[in-house]
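Trainee: I'm new to this structure and would love a close look at a single part. Could you walk me through the empty spaces in and on the protein, and the small sheet beside the discussion?

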Amino acid sequence: MVLSALKGLLSPDTLSRLTPLGGFEARVYTDGERVYKVYRPGEAHLAALEAERMARAGLGSFVLGVAEVEGQGVLVIRHFPGKPFSPEAFTSKALAALSHLFLSLHRLPEPGYVEREELSERLERFAESLGSVPEALSLIKALMREVAWVAGVEKRFCHRDAWAGNLLLKTQENPSHDDPEVLLVDWVRSGGDDPARDLALLKTGSLDLLGEKRAREALFRLVQFYPKEVRERLAFYVPLTYLHDLHWFRTKKPEGFLEALADKLPRALSFFQDCFPLRNRAC
C-alpha cells in the first residue's frame, strides 16, 4: 500500500532505487537524494503538518513537496548526509550546532502555559504503573511537591522527540558545506512545551549514549546560554523523563521493563539528588 502511493509520484527508475529507512509514524524511503515519508490513510494530513513545522523550525529549505495519493500523505524532503546520533560522531562542532538549533527553536513563542493539572496527572499515571517500585514511587512523590514550581511557564516551540534516531549527525564521508552539522527529523510531535523538557528529552534519548558523565557535561555546556530558570527546571524534567520511559516499558513493553528499570531509575535518582536543592551548583 505504501509503495502504491509512491508509484503515483515517482518514475519506475526511481522506485527501483528506493531503500527503506523504517519509521514509526510513517514509512520512510530514500533514493539517495530525497527522502519520502508516507503517512497511512487517516493520518495523511500529518505530511502537510510536518512540512509546516519544519518551516517554523527554520528547515523549510529541506521540504521539497507534499502530496496526497490514494488517501496517503507523502512528504518529500531533501536527503541529509548524516547518520543517527552516536558517540563516535559527536564532536565539539556538533555540540555547538545542536546548541544553536535548540536555542533557535526555544526562542519561538507558542500559545499557552504549562498546566499544573497536566503535570500532576502525568505523575499520578506514573505512580499507578510504578507503584510497586519503592524508589520510583518516592521519586514521583518528590516531583509532585515541585509541580507548582515548574507549572505556569510560557510555552515555546519544542521538538519533543529528540531521541538518537531523530538526531542526525553529519558524517566525515559527506563533508558538504551546504548542510548543517546536525539535523532533527520527525517533527510531527513538535509544538508548545517547556524548553527544559525538550532538553531533558535530548539527554535521555540521545546524550546518554555518551555515558552519564559525558552526557551531563554536554547537556550543561548546551544550556549555558539559557536563562537560569530553564537550567534549574532540568532538575525536575530529567527525572520526569526517565519515569516516563519506565511507565512506557511497564505499560507497552513489559518484557523490557526490568532492564530499563536497572538502567534508567539510577540515572533519574542520581540527577534528582545532584540537582536538588537548587542551591546545589552541580547542575
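Mentor: Happy to! Let's begin with one pair of residues: Tyr113 stands opposite Glu154 in β8. Keep in mind throughout that this is a predicted model. Strand β8 covers residues 154-158, and two bridges join β7 to β8, the two strands running antiparallel. They belong to an open sheet of three strands, in the order β7-β8-β11, with antiparallel pairing. β7 (109-113) and β11 are at the edges with a single partner strand each, so one side of each has no neighbour in the sheet. From one strand to the next, the twist averages 45°.

Strand β11 leads us on to the pockets. The largest pocket has a volume of about 880 Å³. Its lining is made up of 28 residues, and those closest to the centre are Asp161, Arg189, Leu201, His244 and Asp245. Two or more lining residues come from each of α5 (116-130), β11 (191-193), α8 (195-205) and α10 (228-252). Among the contributors, α10 gives the most, with six residues. Sorted by class, the lining of this largest pocket holds 13 charged, nine nonpolar and six polar residues.

Now for the second largest pocket, which holds about 540 Å³ of space. Here 26 residues form the lining, and Leu21, Val28, Gly165, Leu168 and Val185 are the closest to the centre. Several elements supply at least two lining residues each: the strands β1 (19-22), β2 (27-30), β3 (34-39), β5 (72-78) and β6 (82-84), together with α3 (45-56). The class make-up of this second lining is 14 nonpolar, seven polar and five charged residues.

Next come the cavities. Rolling a probe the size of a water molecule over the atoms shows where empty space is left. Searching the whole structure turns up two cavities of 30 Å³ or more.

The largest cavity contains about 50 Å³ of space. Around this cavity you will find Arg122, Phe126, Arg197, Leu201, Leu240, Thr241 and His244. The elements giving two or more residues to that lining are α5, α8 and α10. Helix α10 has the largest share, with three residues. Grouped by class, the lining of the largest cavity has three nonpolar, two polar and two charged residues. You may recognise two of the names: Leu201 and His244 line this cavity, and they are also listed among the residues closest to the centre of the largest pocket. Helix α10 also returns, as the element that gives the most to the lining of the largest pocket.

The second largest cavity has a volume of about 30 Å³. Its lining consists of Lys37, Glu50, Met54, Leu75, Ile77, Leu183, Leu184, Val185, Asp186 and Trp187. The elements that give two or more residues here are α3, β5 and β10 (182-184). By class, seven of the lining residues are nonpolar and three are charged, with no polar residues. Again there is a link to a pocket: Val185 lines this second cavity, and Val185 is also one of the residues closest to the centre of the second largest pocket. Elements α3 and β5 appear in this cavity's lining, and both also supply residues to the lining of the second largest pocket.

To explore this on screen, you could start from Leu201 and His244, which line the largest cavity, then turn to Val185 in the lining of the second largest cavity.

Methods. Residues numbered from 1 in each chain as written. Predicted model: local features only at pLDDT ≥ 70, side-chain atom pairs only at ≥ 80, totals over all residues. Heavy atoms only, no water. 1 Å grid on protein atoms, 1.4 Å probe; cavity = no way out; pocket = protein on both sides within 12 Å on 5 of 7 lines; lining within 4 Å. Points joined across faces, edges and corners; volume = space filled by probe spheres on them. Helix = DSSP H or I, 4+ residues; strand = E, 2+ residues; numbered from the N terminus. Nonpolar A, V, L, I, M, F, W, Y, C, P; charged D, E, K, R; others polar. Pairing = 2+ DSSP bridges. Axes fitted to C-alpha atoms, helices over the stretch in contact; angles between N-to-C directions.
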